[in-house]
Amino acid sequence: MRRFPRRTLLLMALALLAFVRLYVIAHREPKPAAPPPPEQARAPAPAASACPTLERALQGALRDPQGATAWTTARRELDACPTLPARACELGVALDARAPLGDAGPQPLRELLDTLCQRCPAGLNPCASAVVRTVMAVSATGQSPLASPRWHLERAGPGMPEACSEVAQSLLAPAALDEGPLSEASRTLLGELGPICARAGLLPSALIRAAAVQGAVPARDWLAAEAPSAAHVPLTPDRLLGPTTGSAAFDHQDAPGVELSRLEQDPSWRKNGALSGVFSPPAREVSGLRVKAQGPGAVRAVVRVDTGLGLHDPDTQASFVLPLVCRFKGTGQWEACTPSVTLQDVEAISVFPDKRSLVLGEMEIRGTR
């Protein structure tokens, strides 16, 4: 029997191994693609900018404010854009400058601004920004604005709360302090803008009432008709700030009275006066009071308001305004004091002697808790 040489057998074995390897590779299942890294998997596809041609159309209208084609293009782009981009809202300032109020003839740019103001969100609203700038400038300088901001406030749309917040902070809150009248310009501006914010429900009722009691605003034009409230009864303060004998003025008994002196150097004088009856929590309503004293003086109400308005008390970390409720002659007989409207959120009632001192015999406060 003939034997194969050893070399031939080795070559045959290698050929068989190569064939088996090729067969395995050809019939193997395809390996699934590796998943992308987490960062790549989470990265969204780049989004197309919203209304990319709107900015260019508005800039074209600015360059040619009387051009019918430029205005028509900008109008079409603006109406077709579902969500205005920030840059379009920012161009409202330029539109406002190029089409000032009072110019004769049609003002297509102001029509574009009108639409922007009614659609741009708070923080980017060009009309709200114009109101804020005007109010801040008038309250700081006392000079009348160059143009009326009423047009802007009436069209501020989503930006109206921002604009009315500035009206409350810079105009209405100072008007509710018995610390000197507003400048004529501020008072005029408050009368122009305040009723718009009040009708929109964007001014705190307690602040409006405090300013009305101070005589700065006409309550009937600012406050909606209200349903009759609960019967008002005598209120007793929860604590007193002032002389330790001050409780005798609220005990409803005929007592000799409490001597109150002017202490204007005291840091708390501005709020508490010589004697302050504090309500904790603040009384819901105060409709009037009676005073029996010897010597003239004044009664002011400490009205709690939102943080950032009026004055700030570092001890209580609360904000307040301080309207004058009334002045009394101090004849030794009862003197009635009825504010023009019912006050709300009254934190305290404070007594301020007009002269060096007075004797407070009794005080009766009426309201609801």
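Is Trp269 buried or exposed? Select Trp269 and look. Trp269 is buried, with a relative accessible area of 10%. Keep in mind that this is a predicted model.

**Stop 1: the aromatic pair**

Keep Trp269 selected and add Phe352. The two form an aromatic pair. A search of the whole structure finds one such pair, so there is no second one to hunt for. A pair of aromatic rings is described by the distance of the centres and the angle of the planes. For Trp269 and Phe352, the centres are 5.3 Å apart. The planes meet at 85°. That angle is over 60 degrees, so the pair counts as edge-to-face.

Now colour by secondary structure. Trp269 belongs to helix α14, residues 269-272. Phe352 belongs to strand β10, residues 343-353. The pair therefore ties together parts that are 83 residues apart in sequence. Check Phe352 for exposure too: its relative accessibility is 4%, so Phe352 counts as buried.

**Stop 2: charges over rings**

Select Arg110 and Trp151. The charged end of Arg110 sits over the Trp151 ring, 4.5 Å from the ring centre. Next, select Arg290 and Trp334. Here the charged end of Arg290 sits over the ring of Trp334, and the distance to the ring centre is 3.9 Å.

**Stop 3: the disulfides**

Show the cysteines. How many disulfides does the structure hold? There are five. A disulfide is a covalent bond between the sulfur atoms of two cysteines. Count the bonded cysteines along the chain, and the pattern reads 1-2, 3-5, 4-6, 7-8, 9-10. Three of these links come next, one by one.

*Cys117 and Cys127.* Zoom in on the sulfur atoms. They are 2.0 Å apart. The torsion about the S-S bond is about 85°, so this disulfide is right-handed. Cys117 lies in helix α7, residues 108-119. Cys127 lies in helix α8, residues 126-141. The link thus ties together parts ten residues apart in sequence. Cys117 is buried, at a relative accessible area of 0%. Cys127 is buried as well, at 0% relative accessibility.

*Cys164 and Cys197.* Move to this pair. The sulfur atoms of Cys164 and Cys197 are 2.1 Å apart. Which hand does the link of Cys164 and Cys197 have, left or right? With -85° about the S-S bond, the link is left-handed. Cys164 is in helix α10 (residues 160-175) and Cys197 in helix α11 (residues 184-199), so parts 33 residues apart in sequence are tied together. Cys164 counts as buried, at 0% relative accessibility. Cys197 counts as buried at 0% too.

*Cys326 and Cys337.* This link joins two strands. The sulfur atoms of Cys326 and Cys337 are 2.3 Å apart. The torsion about their S-S bond is about -130°, so the disulfide is left-handed. Cys326 sits in strand β8, residues 324-328. Cys337 sits in strand β9, residues 331-337. The pair therefore ties together parts eleven residues apart in sequence. Both Cys326 and Cys337 are buried.

**Stop 4: Val135**

Go back to helix α8 and select Val135. Val135 is buried, with a relative accessible area of 0%. What is Val135 in contact with, leaving aside its neighbours within four places in sequence? Add Glu166, Val167, Ser170, Leu171, Leu189 and Leu193 to the view: these are its contacts. Finish with a distance label between the C-alpha atoms of Val135 and Ser170. The two residues are 35 apart along the chain, and those atoms are separated by 7.0 Å.

Methods. Residues numbered from 1 in each chain as written. Predicted model: local features only at pLDDT ≥ 70, side-chain atom pairs only at ≥ 80, totals over all residues. Heavy atoms only, no water. Phe/Tyr/Trp six-rings, centres within 6.5 Å; stacked < 30°, edge-to-face > 60°. Helix = DSSP H or I, 4+ residues; strand = E, 2+ residues; numbered from the N terminus. Buried < 20%, exposed > 50% of the residue type's maximum accessible area, 1.4 Å probe, protein only. Lys NZ or Arg CZ within 6 Å of the ring centre and 35° of its normal. Disulfide = S-S within 2.5 Å. Contact = heavy atoms within 4.5 Å.
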